[in-house]
Amino acid sequence: MKYPEVRNYVGGSFVTADRPLLDVYDPSSGAVISRVPLSAADDVDAAVRSAKAAFPAWAATPIKERVQIFYRYKALLERDIDALAALVTEENGKIDSEARAEVLKSAELTEFACSLPQIAPGEVLEVSRGVECRIERFPVGVVASITPFNFPNMVPNWSIPNAIALGNCMILKPSELVPLSAGRIAELLAEAGLPEGVFQVVHGGKEAVEAICDHPGIAAVSFVGSTRIAKVVYRRATAALKRCLALGGAKNHLIVLPDADPEMASTNIVASMSGCAGQRCMAASVMVAVSSTDHIIDRMKAVASRMVPGRDLGPVISAEAKTRIETYIAEAEAAGAKVIVDGRTTTVAGREGGYYLGPTIIDYVTPDMRIAQEEVFGPVLVIVRAPDVDKAIAIENASPYGNAASVFTESGGMARYVMERASAGMVGVNVGVPVPREPFSFGGWNDSKFGVGDITGRGSIEFWTQAKKMTTKWNREAGVNWMS
Ligand code: NAD
């Protein structure tokens, strides 16, 4: 094994959890590179106790002082980008340029947290003579962040800098499929000067997540992962009377109108469906081709066929994921859809054990097929044909998900028409991956997000803090009335 057994991080030290171990794979070779413990309720409890002990001093530290840690942390992410990106590539499989972009995105998220003293000060107003109302934001306490496999560095950093800069102490529960990056994040936060106990890592799966949801010492839980588990976590955490923000899966529709710029549309759509091997919650999943768009589809075929797995896209996360994706494709084909770019026969020389799948485009898919409805989470794009834009919007609206949607057109009026009607929290025009960048917030609608607020940017401030409303009167001459 290249890496020693992964350990939890509690109270500023790495600790061994004496629990069953799960193998950690390098998806590009199928080799076991480490083992991760499946922590239990006692391990979560130890982390909560440590976080609780650190909380009073950290909450009492002025925010301007707290963010100094994150200025340093951002510089450390940049200093170590080569190694951090290499680790992401090793445990997740994505190619180097994607892994670097992920780490740079972590730095951008941290930059936003550094600006929180400017963005999140309180409010004050003299509401009547001598009487003042003021709102101050307080941290909620010990919070937890549960993250998925597809961005081992970036998704933890969606919550870490903001939640901690706003005065909370955090327990991170990373995906057991990609546990290595979390240890490096803990080390860098410590190097940046974060006091012991403010940040902990508890590894594991279902049991650890359930313990987090149930633990009375945890006040808030953020979750990012599939819709099935988002629902479980949201129900369980809120049943335990915690605040919870649970981001789920996606089925993003790109509506392509005949007037779209063929070059821009084809390159953006293929990049969106194949980037990170399609394992992005913002990936293009369904292209709704309105009327005559064959000239764009022909270009997409050419762009996708030129891509070389192993160089331009990485493997999917596991052998099971590869089989699941291939099953979706075979089922659609059997139901009459036409595979116009087929990535199923892909092998990468020297990495025959890797879980590679080339970009796959399937035309003439109908909205009733499973592949058009469910999240495939691989480099697969289905094309559903629609006679007009209203039918295309109806197809998008029928999806239970609502993470992202995009329209490709040269008409500003049509772009606005689709953006207003798409049932998704993040919409784009001529953009394959309409991720809102800081200070804008990340978060979908419908079955792609449960809870109020967003996980990044300004939208996260409400989630990671509680507002105290203070009313003071210093004017002795002020009369007494029913509001006094
Ligand atoms: P997942 O739901 O399988 O796992 C997410 C987390 O839940 C992990 O930490 C895992 O350990 C835990 N978990 C797994 N099974 C559990 C169970 N039965 N009970 C309790 N906890 C459990 O998701 P994944 O496969 O790691 O990630 C891919 C999914 O995440 C996709 O659906 C993708 O769309 C979604 N995702 C969404 C966003 C977003 O912003 N909406 C971002 C990234 C990924």
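Which residues are the closest to the ligand, and how many surround it?

1. The model is predicted. In it, 28 residues surround the ligand. Lys173, Glu176, Ser226, Gly248 and Glu375 are the closest of these.

2. Polar contacts of the ligand come next. Ser226 offers an N or O atom of its side chain, 2.6 Å from a ligand oxygen. Two backbones also take part. A polar backbone atom of Thr147 is 2.8 Å from an oxygen atom of the ligand. For Phe149, a polar backbone atom is 3.1 Å from an oxygen atom of the ligand.

3. Burial of the ligand: 840 Å² is exposed when the ligand is taken alone. The protein buries 88% of that area.

4. Where does the shell come from? Helix H8 (206–214) and strand E10 (220–224) are the elements that give two or more residues to the shell around the ligand. By domain, at least three shell residues come from domain 1 (8–249 + 443–469), and at least three from domain 2 (252–400 + 404–429).

5. The shell's make-up by class is 14 nonpolar, 10 polar and 4 charged residues.

6. Now the second largest pocket. Its space is about 320 Å³. The lining counts 13 residues, and Val6, Phe14, Leu180, Gly183 and Glu187 are the closest to the pocket centre.

7. Which helix gives the most to this lining? Helix H7 (residues 180–191) does, with 4 residues. By class, the lining of the second largest pocket holds 7 nonpolar, 2 polar and 4 charged residues.

Key. Residues are numbered from 1 along each chain as its sequence is written. This is a predicted model: local features need pLDDT of at least 70, side-chain atom pairs count only at pLDDT 80 or more; totals for chains, interfaces and linings use all residues. Side-chain values use heavy atoms; hydrogens and water are left out. On a 1 Å grid over the protein atoms alone, a cavity is a set of points where a 1.4 Å probe fits but cannot get out, and a pocket is an open set with protein on both sides within 12 Å along at least five of seven lines; lining residues have an atom within 4 Å of a point. Grid points are joined across faces, edges and corners, and a volume is the space filled by probe spheres set on the points. Ala, Val, Leu, Ile, Met, Phe, Trp, Tyr, Cys and Pro count as nonpolar, Asp, Glu, Lys and Arg as charged, and the others, Gly among them, as polar. A residue is near a molecule or strand if one of its heavy atoms lies within 4 Å of it. A polar contact is a pair of N or O atoms within 3.5 Å; within protein, one must be able to donate a hydrogen and the other to accept it, and residues adjacent in sequence count only if both atoms are side-chain atoms. Accessible areas come from the Shrake-Rupley method with a 1.4 Å probe; for residues, only the protein chains shown count as cover. Domain bounds come from an automatic or database domain assignment.
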